[in-house]
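Good morning, and thank you for coming. I should like to take you through one structure, beginning with its ligand and moving on to a helix and a strand.

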Amino acid sequence: MALPNTQHTGILISFEGSEGSGKTTQITRLGGRLAKGGYEIVTTREPGGTKIGEQVREILLHNSGGDGMFAETELLLFAAARAQIVRETIAPALLRGAVVLSDRYLDSSTVYQGIARNLGKGPVNEINRFAVGAVMPDVTVVIDVPTKVSIERISKRKGARPDRMERENIGFYEKVRDGYLVLAKGLPERFVVVDGTQSEDAIEAEIWSALQARLFNGEQAGRQSGQGGAAE
Ligand SMILES: Nc1ncnc2c1ncn2[C@@H]1O[C@H](COP(=O)(O)OP(=O)(O)OP(=O)(O)O)[C@@H](O)[C@H]1O
Ligand SMILES: [Mg+2]
């Protein structure tokens, strides 16, 4: 399916960071704020977010045979779920003019499979591009927490057994954290890095202030008529 070019009127904001860094918490807060301002908000999660993607998520994170999964297989499965959600949900929402808040997107593959699993930039970038075409985030928010905090927060999570990625070792988490910081440093026009050890309120305020400056032109949270606000 053909994907839209960058001329759509919607805005795509992706959230990245280690497990437990606070992505879902902040997406809920930002989504609430923007919805009050009259924006149509679409939130998506990766892997998953579509019927097909949720089945892929099961294989990736919860399937009992998953421990034998090769890094290459993992990369392609994440990309498969992403190819589906971008066509089924994200692109149509952007064409309608919605604000899409994506809980992880292509940078997760760059960092988890490219850096932490060592598959390298080249193949991961190529596969990412094949999956998403030109549907790139206008802004990517990285919530940065030290590995120790990430692990503490995951272990506090009630009831749920850690998934396959969460069972990885400390060295893996360190590579993920550093990977995001290096990526963000190299692309400052797209990335915003926030310190995830602050209070939820302080993080929300910092994210909002960065987004206002980059996308929403100083407005409180209301949509200005005839103004898509996308950075590109
Ligand atoms: N700023 C914060 N300070 C302390 N605890 C927080 C903060 N933000 C979120 N939390 C708590 O940390 C846990 C993880 O938060 P959240 O689920 O939002 O992270 P996540 O990045 O979406 O995690 P995952 O990658 O596993 O989906 C939750 O229990 C949440 O209440
Ligand atoms: Mg989450």
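Ligand 1 is surrounded by 13 residues, and the closest of them are E19, G22, K23, T24 and T25. Two elements, α1 (residues 23-36) and α8 (residues 200-216), each give two or more residues to this shell. The largest share, three residues, comes from α1. In character, the shell around ligand 1 consists of eight polar residues, four charged residues and one nonpolar residue. Please keep in mind that this is a predicted model.

Let us now turn to α8. Which of the residues of α8 are buried? They are I203, E204, I207, L211 and F216. As a general point, an α-helix has 3.6 residues a turn, so residues three or four places apart point the same way. The buried residues of α8 pack against α1 and against two strands, β4 (residues 139-144) and β5 (residues 191-195). Just after α8 comes N217, which takes a positive phi of about 45°.

My last topic is a single residue, S102, whose place is in strand β3, residues 99-103. Why does S102 count as buried? The cut-off is 20 or more other C-beta atoms within 10 Å, and S102 counts as buried because it has 27 C-beta neighbours inside that distance. Leaving aside neighbours within four places in sequence, S102 is in contact with L12, S14, F15, T44, E46 and I90. Of these contacts, consider L12: S102 and L12 are 90 residues apart in sequence, yet their C-alpha atoms are 7.4 Å apart in space.

Notes
Residues numbered from 1 in each chain as written. Chains lettered and ligands numbered in written order. Predicted model: local features only at pLDDT ≥ 70, side-chain atom pairs only at ≥ 80, totals over all residues. Near = placed C-beta within 6 Å. Helix = DSSP H or I, 4+ residues; strand = E, 2+ residues; numbered from the N terminus. Nonpolar A, V, L, I, M, F, W, Y, C, P; charged D, E, K, R; others polar. Buried ≥ 20, exposed ≤ 12 C-beta atoms within 10 Å, placed from the backbone. Contact = placed C-beta atoms within 7 Å.
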